[in-house]
Structures are given as C-alpha cells and as structure tokens.
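Reader: I am new to this structure. Can you take me through it in short steps?

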Amino acid sequence: MKIWVDADACPAVIKDILFRAARRTGLNLTLVANHAMRIPRQPGVDFILVPAGADVADNEIVQRMRPGDIVVTADIPLAAQVVEKGALALNPRGELYSRENVRERLNVRDFMESLRNSGIETGGPAALSRVDRNRFANQLDRLLTQQA
C-alpha cells in the first residue's frame, strides 16, 4: 500500500499528519503538485512535480496508484476515479469516499458549480477545524490499521 496526496490544495497541517504517519508506519508517501513544495527528508517520502494545468496532478495520481492505495484529496472527481480503480479516497476533513457516497458528492458539486456559473454566490468550504484534523487523523489511523 502507498499513500498519494493531491498536494496542491492539501492543508499543511494535514501534510504534517501524513508525514508523521509515514514515519511511524514506514509506508511510502508521495505528494503530487504543480508547484514546488518542501517535504521532510525522510525515507519513503517523495514528491512529483507535474506541469501546471487542469487535472495534470490528478491524472498523474490516477495513472500511478494501485488498488488498495490511499489517495488524500478534496477533489471529488479525482476521488470518484480513485474509488472506481479500487483504491481508498480520503478527504482532508476525514471523510472516506465510497462507491455509495462519491456519486452523490459529484452531483452536489455539479449542482453548486451550475449555481456559481449562473452568478449565484455559494460561498466556499469552512476553514479546516481542529475537529476536522482529528477526524482525518483518526480515519487515517483506522485505514492504516485495517491494511496492516
């Protein structure tokens, strides 16, 4: 099993949780982004820099990941592809996407996008809270324990 991170929009605090988990478990962790970022120098932690462009990082992750891997992303279309390929998709707020819920999330996302395109202000997600961080860390621990 390997952990992949859609790192462009992943909050720093979530990346820190992932770095600690990789150090603790010895799992490989790869961050994929279209801009350079600092990562700790530790065995098993890698970074892939992809060219700028829509979905370039997403496509890189989908091409490289394997069934059973964990992909950390808030991008619902990417999560849908990950789930379809048999991997686990976890968002930075600790929600695990499944075949059952990812289609619903895509429908809501598409609806909200249509509202925005028609000029209606929909606002954005709330700031990442301590509860969100804890939920993410707990869900990640559960997944890593199940896979061990």
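The questions below go through strands, salt bridges and single residues of this predicted model.

Reader: Is strand β1 largely enclosed or open, and how many of its residues are buried?
Author: Strand β1 covers residues 2-6. Buried means under 20% relative accessible area. The strand is largely enclosed by the rest of the structure, because the buried residues number 4 of the 5.

Reader: Over how many bridges do β1 and β2 pair, and in which sense?
Author: Strand β2 spans residues 28-33. One of the pairings puts aspartate 6 opposite its bridge partner, valine 32. The two strands pair over 5 bridges, and the sense is parallel.

Reader: What is the hand of the crossover from β1 to β2?
Author: The chain leaves β1 and passes through helix α1, residues 12-25, to reach β2. That makes a β-α-β crossover, and its hand is right-handed.

Reader: Which residue of β4 is the bridge partner of valine 5?
Author: Strand β1 also runs parallel to β4, residues 70-72. The two are joined by 3 bridges. In β4, the partner of valine 5 is valine 72.

Reader: Is asparagine 28 buried, partly exposed or exposed?
Author: Asparagine 28 sits in strand β2. Its relative accessibility is 37%. Buried needs under 20% and exposed needs over 50%, so a value in between decides the class. Asparagine 28 is therefore partly exposed.

Reader: Leaving aside neighbours within four places in sequence, which residues are in contact with asparagine 28?
Author: Glutamine 81 lies 53 residues from asparagine 28 in sequence and 21 Å away, C-alpha to C-alpha. Contact means heavy atoms within 4.5 Å. The contacts of asparagine 28 are Lys2, Ile3 and Gly44.

Reader: How far apart are the closest N and O atoms of aspartate 141 and arginine 24?
Author: The count of salt bridges comes to 5. One of them links aspartate 141 in helix α5, residues 130-147, with arginine 24 in helix α1. These residues are 117 apart in sequence. Their closest N and O atoms are separated by 2.8 Å.

Reader: Which class does arginine 24 fall in, buried, partly exposed or exposed?
Author: Its partner, aspartate 141, is partly exposed at 32%. Arginine 24 has a relative accessible area of 54%. The cut-off for exposed is over 50%, so arginine 24 is exposed.

Reader: How many residues apart in sequence are the parts tied together by glutamate 84 and arginine 99?
Author: Their side chains meet in a salt bridge at 3.6 Å, N to O. Glutamate 84 belongs to helix α3, residues 76-84, and arginine 99 to helix α4, residues 99-117. The pair therefore ties together parts whose separation in sequence is 15 residues.

Reader: Which residues are linked with Asp132 in a network of salt bridges?
Author: Aspartate 132 is buried, at 8%. Its side chain meets that of arginine 93 at 2.7 Å, N to O. Aspartate 132 is in helix α5 and arginine 93 in the loop between β5 and β6, so the pair ties together parts 39 residues apart in sequence. The network links Asp132 with Arg93 and Arg135.

Reader: Is asparagine 91 buried or exposed, and which residues does it touch?
Author: Asparagine 91 is also placed in the loop between β5 and β6. At 7% relative accessibility, asparagine 91 is buried. Not counting residues up to four places away in sequence, asparagine 91 touches Thr73, Ala74, Tyr97 and Phe136.

Definitions and conventions: Residues numbered from 1 in each chain as written. Predicted model: local features only at pLDDT ≥ 70, side-chain atom pairs only at ≥ 80, totals over all residues. Heavy atoms only, no water. Buried < 20%, exposed > 50% of the residue type's maximum accessible area, 1.4 Å probe, protein only. Pairing = 2+ DSSP bridges. Right-handed = clockwise from strand over helix to strand, strands pointing away. Salt bridge = Lys/Arg side-chain N within 4 Å of Asp/Glu carboxyl O.
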